[in-house]
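Please open the structure in your viewer and keep the sequence beside it. The tour below proposes one selection after another and says what is found at each stop.

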Amino acid sequence: MNTSASCLLFVLSMPMVAMAQLTVYSDVAGFDTVSVAGTGGAESKLTFAATEFLQSAKYLSVASAVGPNTLTDSSATWSDDEFNGNNGSHYVEIISVNGSKTGAGVGVTRSITDTEANSKTITLDEALPEGLIAPLEYRIVSHWTLAAIFGSANMAGLQGGSPLSADHVQLWNGTGYDSYYYQTSGIGGTGWRKLGDQSTDASNAIIRPEQNVIIKRVGSAGLPIVLSGWVKTGQTSFDIVPGFNFVPNPYSTAMTLASSGLYKGNAATGIAAGNVTSADQVMLWNGSSYETFYYQTLGLGGTGWRKVGDQSMDASGASIAPGSSIILRRKNPDRFTWAIPQH
């Protein structure tokens, strides 16, 4: 996130979950202060952010069978709909595959749509990567929501009002942004609302791990917002599709273009290289505009990370701040999975 205070971490020794004969401890929790930019007299100001911490993990175990979009756990002790429906939104994260905590499939997340006690099976909203086989270690984590981050009554202090006068929280949905605001005036009551629907409570709108968050501030003053939770560990994997992808740095430490794992030397597993015209693009927000980077293998200026407008200077050290988000423009026609090494 765009922060004025660096991430402060502290060590805890408290059990996080104890399921399926496995006891899990989370060693590090922390918080970060997000500096939401005020308008300073402009019409609005954008802050590009992400959820760099996890909410509580509810379950950790090993799947005994894997389907296209299901996990079955023979040792499961969950109840029907424990991780979906009225119990709130949760997702599965793959922790290891065949004992390995790196490689294909590790760090992939999928939202849970059904939890069945009798069959000991959870159903996911999307297919898992092909080729995954049991045993497969996984954990179940609560999704962040608007209420969980900003407060059910907007305790974070974003400017409330009408669709025109309130600050907006924008979430990328794959083709465009869903925009939310805290309504305090007009018809439809008070509370979180989605633009275009003034009456339906939107406080439980989920923010998926792979989603970035844009705060469009119309209030004149800057606003500090504190986000806390459990530090993300292990490899993280995001699906990157042709076109524009709005994705976060999910970790509580900075990474560079060089350490991000975006370039693998193979367009099937990472960004496609080339020249300023043909290569995939990585766009980083500098506070007022995007700077665009790419991996150069063609043309003048040598090989390596470059910034558009400067073909010769090494840009591999360009930083992706903790909790910040980027735009990845995939020009190659095929999707790939961005496997981000732990930072």
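## A walk across one sheet

Begin by selecting R330, which in this predicted model is buried, with a relative accessible area of 3%; the residue is called buried because that value lies under 20%. Its place is in strand β26, which covers residues 325-330.

With R330 still selected, show its side chain and look for the polar partners. The side chain of R330 reaches the backbone oxygen of G270 at 3.2 Å, and it also makes a polar contact with the side chain of N332, at 3.4 Å.

Next, display the surroundings of R330, leaving aside residues up to four places away in sequence. Among the residues that R330 touches are I240, V241, P242, G243 and N245, and also A267, G270, I271 and A272. The list of contacts further includes D280, R335 and F336.

Now widen the selection to the strands. Which order do the strands of this open sheet have? The five strands follow one another as β20-β26-β22-β23-β24, with antiparallel pairing. Strand β20 (243-248) and strand β24 stand at the edges, each with a single partner strand, so one side of each is left without a neighbour in the sheet. On average, and with direction ignored, neighbouring strands of this sheet are turned by 25° against each other.

Start at the edge formed by β20, and select it together with β26. Six bridges join β20 to β26, and the two run antiparallel. Here the tour meets its starting residue again, for G243 stands opposite R330 in β26.

Move on to β22 (residues 281-285) and β23, which run antiparallel and are joined by four bridges. Within this pair, V282 stands opposite F293 in β23. The two strands form a hairpin with four residues between them, and in the turn you can select G287, which has a positive phi of about 110°.

Stay with β23 and select residues 290-296: is this strand mostly covered or mostly open? Strand β23 is mostly covered, since five of its seven residues are buried.

Finish with β24 (residues 304-307), which runs antiparallel to β23 and is joined to it by four bridges. To see one of the pairings, select Y294 together with R306, its bridge partner in β24. With β24 you have arrived at the other edge of the sheet, where the strand has a single partner.

Key: Residues are numbered from 1 along each chain as its sequence is written. This is a predicted model: local features need pLDDT of at least 70, side-chain atom pairs count only at pLDDT 80 or more; totals for chains, interfaces and linings use all residues. Side-chain values use heavy atoms; hydrogens and water are left out. Buried means under 20% relative accessible area, exposed over 50%, partly exposed in between (1.4 Å probe, protein chains only). Two strands pair if DSSP finds at least two bridges between them. A polar contact is a pair of N or O atoms within 3.5 Å; within protein, one must be able to donate a hydrogen and the other to accept it, and residues adjacent in sequence count only if both atoms are side-chain atoms. Contact means heavy atoms within 4.5 Å. Axes are lines fitted to C-alpha atoms, for helices over the stretch in contact, and angles run from 0 to 180 degrees between N-to-C directions.
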